[in-house]
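Work through the exercises below with the structure in view. Try each task before you read its solution.

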Amino acid sequence: MKIEGKPYSPSDFASHAAGLVMGAWRPSQIVIHHCSAPSLAQRPKGFIPQHMLNLKEYYEGKKWSAGPHMFTDDSRIWTFSPMTAPGVHAVSFNRTSIGIEMLGDYDAEDPWSGRGLQVLTTTAKAVHALLRKFQLDPAKAVRFHREDSKTTKTCPGIKIDKAAFMAFLHNQTPATP
């Protein structure tokens with residue numbers, strides 16, 4: 001399994017996304033997840049490179065050919081599986097979507113304050129960059145993992161209402177390259 005494992009600030013990620021050279025695969029959706037484990041409490045300083053290697057081993061252990069396209073934490077967007085090909089993150093959406101895993105367990109942790117809000121803000125900036133890159137309409141393109149009829153997952157967590165997330169996304173200033 002090839003992983004990138006590179007961290008970007010939101011503005012650097014916007015430049016990275018804008019410069020992606022895509023082949024035949026063109027994502028039409030962005031699917032939002034939460035890690036659940038690790039939680040915010042388990043990663044008090046966000047992700048580090050070793051965490052990306054640990055996640056690679058985890059997905060290889062599941063015999064997956066890839067993983068999500070990126071992970072977001074309080075301040076960084078970590079590329080994981082190459083965004084130029086389908087990833088593995090939501091069975092019904094893998095072939096059509098970019099997968100973003102947010103650090104945190106938003107079934108239990110608060111996504112609307114403190115570090116949870118910082119993760120949401122970083123994620124919103126990643127989503128804005130991807131919407132711009134692929135010229136997607138947020139109302140049609142942004143999906144939650146729990147919208148996949150083939151899963152029982154709560155992603156991105158029961159404490160994140162889709163309408164509230166979409167309003168938050170709309171009100172965030174997009175990252176500029």
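**Exercise 1. Aromatic rings**

Task: Find how many aromatic pairs the structure holds, then classify the pair of Tyr58 and Tyr59.

Solution. This is a predicted model.
- Step 1. Count the pairs: the structure has eight aromatic pairs.
- Step 2. Take Tyr58 and Tyr59. Their ring centres are 5.1 Å apart, and the planes stand at 70 degrees.
- Step 3. Apply the cut-off. Planes over 60 degrees apart count as edge-to-face. The pair of Tyr58 and Tyr59 is therefore edge-to-face.
- Step 4. Check the surroundings. Tyr58 is partly exposed, at 46% relative accessible area. Tyr59 is buried, at 6%.

**Exercise 2. A second ring for Tyr59**

Task: Tyr59 also pairs with Phe80. Work out which parts of the chain this pair ties together.

Solution.
- Step 1. Get the geometry. The centres of the Tyr59 and Phe80 rings are 5.8 Å apart, with 65 degrees between the planes. This pair is edge-to-face.
- Step 2. Place the residues. Tyr59 sits in helix H2, and Phe80 in the loop between S4 and S5.
- Step 3. Draw the conclusion. The two are 21 residues apart in sequence, so their pair ties together separate parts.
- Step 4. Check Phe80. Its relative accessibility is 0%, which counts as buried.
- Step 5. Widen the view. One aromatic cluster is formed by Phe47, Tyr58, Tyr59, Trp64, Phe71 and Phe80.

**Exercise 3. A salt bridge in a helix**

Task: Explain how Lys56 and Glu60 are placed in helix H2, and describe their salt bridge.

Solution.
- Step 1. Recall the principle. Side chains of opposite charge can pair when their charged atoms come close.
- Step 2. Read the distance. In the salt bridge of Lys56 and Glu60, N and O lie 2.7 Å apart.
- Step 3. Use the helix. H2 covers residues 49–61. Lys56 and Glu60 are four residues apart in H2, so about one helical turn separates them.
- Step 4. Check exposure. Lys56 is partly exposed, with a relative accessible area of 21%. Glu60 is partly exposed too, at 30%.

**Exercise 4. A salt-bridge network**

Task: A search of the whole structure finds five salt bridges. Show which residues are joined into one network with Glu147.

Solution.
- Step 1. Start at Arg143. Arg143 forms a salt bridge with Glu147, with closest N and O atoms 3.2 Å apart.
- Step 2. Go on from Glu147. Glu147 also forms a salt bridge with Lys162, and here the closest N and O atoms are 2.7 Å apart.
- Step 3. Locate that second pair. Glu147 is in the loop between strand S6 (142–144) and helix H5 (162–171), while Lys162 is in H5. They are 15 residues apart, and the pair links distant parts of the chain.
- Step 4. Join the bridges. Shared partners put Arg143, Glu147 and Lys162 into one network.
- Step 5. Check exposure. Glu147 is partly exposed at 32% relative accessibility, and Lys162 is partly exposed at 23%.

**Exercise 5. The sheet**

Task: Give the strand order, then say which strands stand at the edges.

Solution.
- Step 1. Read the order. Six strands form an open sheet, S1-S4-S3-S5-S2-S6, with mixed pairing.
- Step 2. Find the edges. S1 (6–8) and S6 each have a single partner strand, so one side of each lacks a neighbour in the sheet.
- Step 3. Add the twist. From one strand to the next it averages 30 degrees.
- Step 4. Look at one pairing. S3 (residues 70–72) and S4 (residues 77–79) pair in the antiparallel sense over three bridges. Met70 has Thr79 in S4 as its bridge partner.
- Step 5. Add the helix. H2 lies across S3, S4 and S5 (97–102), at about 135 degrees to S3.

**Exercise 6. Two cysteines**

Task: Explain why Cys155 has no bond to Cys35.

Solution.
- Step 1. Count. The structure holds zero disulfides.
- Step 2. Compare with the cut-off. A disulfide needs sulfur atoms within 2.5 Å. The closest cysteine sulfur to that of Cys155 is in Cys35, 8.5 Å away, which is too far for a bond.
- Step 3. Check burial. Cys35 is buried, at 14% relative accessible area. Cys155 is buried, at 6%.

Conventions:
Residues numbered from 1 in each chain as written. Predicted model: local features only at pLDDT ≥ 70, side-chain atom pairs only at ≥ 80, totals over all residues. Heavy atoms only, no water. Buried < 20%, exposed > 50% of the residue type's maximum accessible area, 1.4 Å probe, protein only. Salt bridge = Lys/Arg side-chain N within 4 Å of Asp/Glu carboxyl O. Pairing = 2+ DSSP bridges. Axes fitted to C-alpha atoms, helices over the stretch in contact; angles between N-to-C directions. Contact = heavy atoms within 4.5 Å. Phe/Tyr/Trp six-rings, centres within 6.5 Å; stacked < 30°, edge-to-face > 60°.
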